[in-house]
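Here's a quick tour of a small set of features worth checking in the viewer. Have the sequence and the model open side by side as you read.

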Amino acid sequence: MSCIKPPEPEKVRKLKEESFIREGKGRLRVVIESEGERIETTMNGSLKSVSEIAEMLGVEARDGKIDAVVDGVKINAERGKLEMEFENGDRLRIEKA
């Protein structure tokens, strides 16, 4: 019996995906650091506003910045930049390119 199943779109039709990135003009640099390795790439789009990110996370933005811990993830955000540090030490950074 295979444990890999093909996708079933009818099961996820009403799934609402939350993302810190919105489609649009602009370029973003995405950097992932894990276990001493670093992956860096660029993509099209822009970061959502600090207030939108704060609302998604259920925290308050102060002076246009977020400095909070949500579910064990340390989050720092300001206009054009988002940094996340996970409990295992992995880091994710998204910023304007």
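What percentage of the 97 residues in the protein is buried? Buried residues make up 24% of them. Keep in mind throughout that this is a predicted model.

## Overall layout

The protein has 1 helix and 6 strands. Starting from the N terminus, the order is β-β-α-β-β-β-β, so the helix comes after two strands and before four others.

Now for contacts and surface. If you take the contacts between residues at least 6 apart in sequence, 37% of them join residues at least 24 apart. The protein exposes about 7800 Å², and carbon and sulfur atoms supply 48% of that area.

## The two sides of H1

Helix H1 spans residues 50–57, and its buried residues are Val50, Ile53 and Ala54. Look down the axis of H1 and these buried residues fall within an arc of 100 degrees, so they line one face of the helix.

What sits on the face turned away from that buried side? There you'll find Ser51 and Glu55, both exposed.

## What covers the helix, and what follows it

The buried residues of H1 have cover that includes two strands: E3, residues 66–70, and E4, residues 73–78. Both are worth displaying together with Val50, Ile53 and Ala54, the buried residues of the helix.

Just after H1 comes Gly58. The phi of Gly58 is positive, near 75 degrees.

Notes:
Residues are numbered from 1 along each chain as its sequence is written. This is a predicted model: local features need pLDDT of at least 70, side-chain atom pairs count only at pLDDT 80 or more; totals for chains, interfaces and linings use all residues. Side-chain values use heavy atoms; hydrogens and water are left out. Buried means under 20% relative accessible area, exposed over 50%, partly exposed in between (1.4 Å probe, protein chains only). The arc is that of the directions from the helix axis to the C-beta atoms. Contact means heavy atoms within 4.5 Å. Accessible areas come from the Shrake-Rupley method with a 1.4 Å probe; for residues, only the protein chains shown count as cover.
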